[in-house]
Amino acid sequence: MEKRSHNFYIKPQSASSSSSLRKIAASILLLYGLFSNSTSQSKLSVRAFATSSPVNDSCDASSSSTSIPTITTNNKMDASLKAVRRILPAQRPHWVGNSFYVYPVFADLAFRNELSPFLMFDYAAPKQFPPNEKKRGVGQHPHRGFETVTLAFQGEVEHRDSTGNQDVIGPGDIQWMTAGRGIIHEEYHSTEFAKSGGIFEMCQLWVNLPAKHKMTKPSYQPILTSDVPT
């Protein structure tokens, strides 16, 4: 099996977006730390990224036809310089629903083995929203076979799903949803944030599940900012 390492450089979206890029990088490192301390399913799904041990679990976004490549890296953060394999060009933002104006950070590497077990990473840069009485967000839609991890920087994200969970996360909070064998959910600006308006900023990472855990029971867990390791 070919050994791969994650040596990529992500171009800032604009000359003035260095702080946003730092925030994206901090988010990846934060989520990296959470993965190594998360549920057993998540530990297995990111073992290839977090350790140097080979992983032969077969998994993809919706079935079990693709194997996870072995990724060589250290458990400790390596401060030494590494070669840049490729520059990922800045991507054009697009709307997800009517509330999330996101940049696809992984560009054309999304949903490919190159970054497995990570599938997709969207960043919604700071954007001002006026007060609004209508719900802003993404209506009911299904997920299966992976996990979504959402981190709020500014504003509030509200979540509701088919298993009965309903929750709101604010700045610094995280919502971790395991779709497993299937879940229907919706996500949108919270009612209070929509009424008051303000600056909204967040990011969302999709993480593949190993084939043997794709049919696990769907679940949801909020991780409050006070519970996030620093």
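**Entry 1: a pair of strands**

I began with V149 and found that V149 stands opposite W176 in strand 12. A reminder to myself: this model is predicted. I then looked up how the two strands are joined, and 5 bridges link strand 9 to strand 12, running antiparallel.

**Entry 2: strand 12**

I followed strand 12 to its other partner. Strand 15, residues 219-223, is also joined to strand 12 by 5 bridges, and this pair runs antiparallel. Here I noted T178, which stands opposite S219.

Next I asked myself: which residues of strand 12 point which way? I174, W176 and T178 point one way, while Q175 and M177 point the other way. That fits what I learned about strands: in a regular one, side chains alternate between the two faces of the sheet. Strand 12 covers residues 174-178, and 5 of its 5 residues are buried, so the rest of the structure largely encloses this strand.

**Entry 3: T150**

Back in strand 9, residues 146-154, I picked T150. Is T150 buried or exposed? I found 0% relative accessibility; buried means under 20%, so T150 counts as buried. Its side chain makes a polar contact with the side chain of Q204, at 2.7 Å. Setting aside neighbours within four places in sequence, I listed the contacts of T150, among them I174 and Q175, along with M202 and C203.

**Entry 4: a cavity**

Last, I looked for enclosed space. The whole structure holds 2 cavities of 30 Å³ or more, and the second largest has about 30 Å³ of space. Its lining includes F129, P130, R136 and H189. I sorted the lining residues into 4 nonpolar, 3 polar and 1 charged.

Definitions and conventions: Residues are numbered from 1 along each chain as its sequence is written. This is a predicted model: local features need pLDDT of at least 70, side-chain atom pairs count only at pLDDT 80 or more; totals for chains, interfaces and linings use all residues. Side-chain values use heavy atoms; hydrogens and water are left out. On a 1 Å grid over the protein atoms alone, a cavity is a set of points where a 1.4 Å probe fits but cannot get out, and a pocket is an open set with protein on both sides within 12 Å along at least five of seven lines; lining residues have an atom within 4 Å of a point. Grid points are joined across faces, edges and corners, and a volume is the space filled by probe spheres set on the points. Ala, Val, Leu, Ile, Met, Phe, Trp, Tyr, Cys and Pro count as nonpolar, Asp, Glu, Lys and Arg as charged, and the others, Gly among them, as polar. Helices (H or I, at least four residues) and strands (E, at least two) are DSSP runs, numbered from the N terminus. Buried means under 20% relative accessible area, exposed over 50%, partly exposed in between (1.4 Å probe, protein chains only). A polar contact is a pair of N or O atoms within 3.5 Å; within protein, one must be able to donate a hydrogen and the other to accept it, and residues adjacent in sequence count only if both atoms are side-chain atoms. Contact means heavy atoms within 4.5 Å. Two strands pair if DSSP finds at least two bridges between them.
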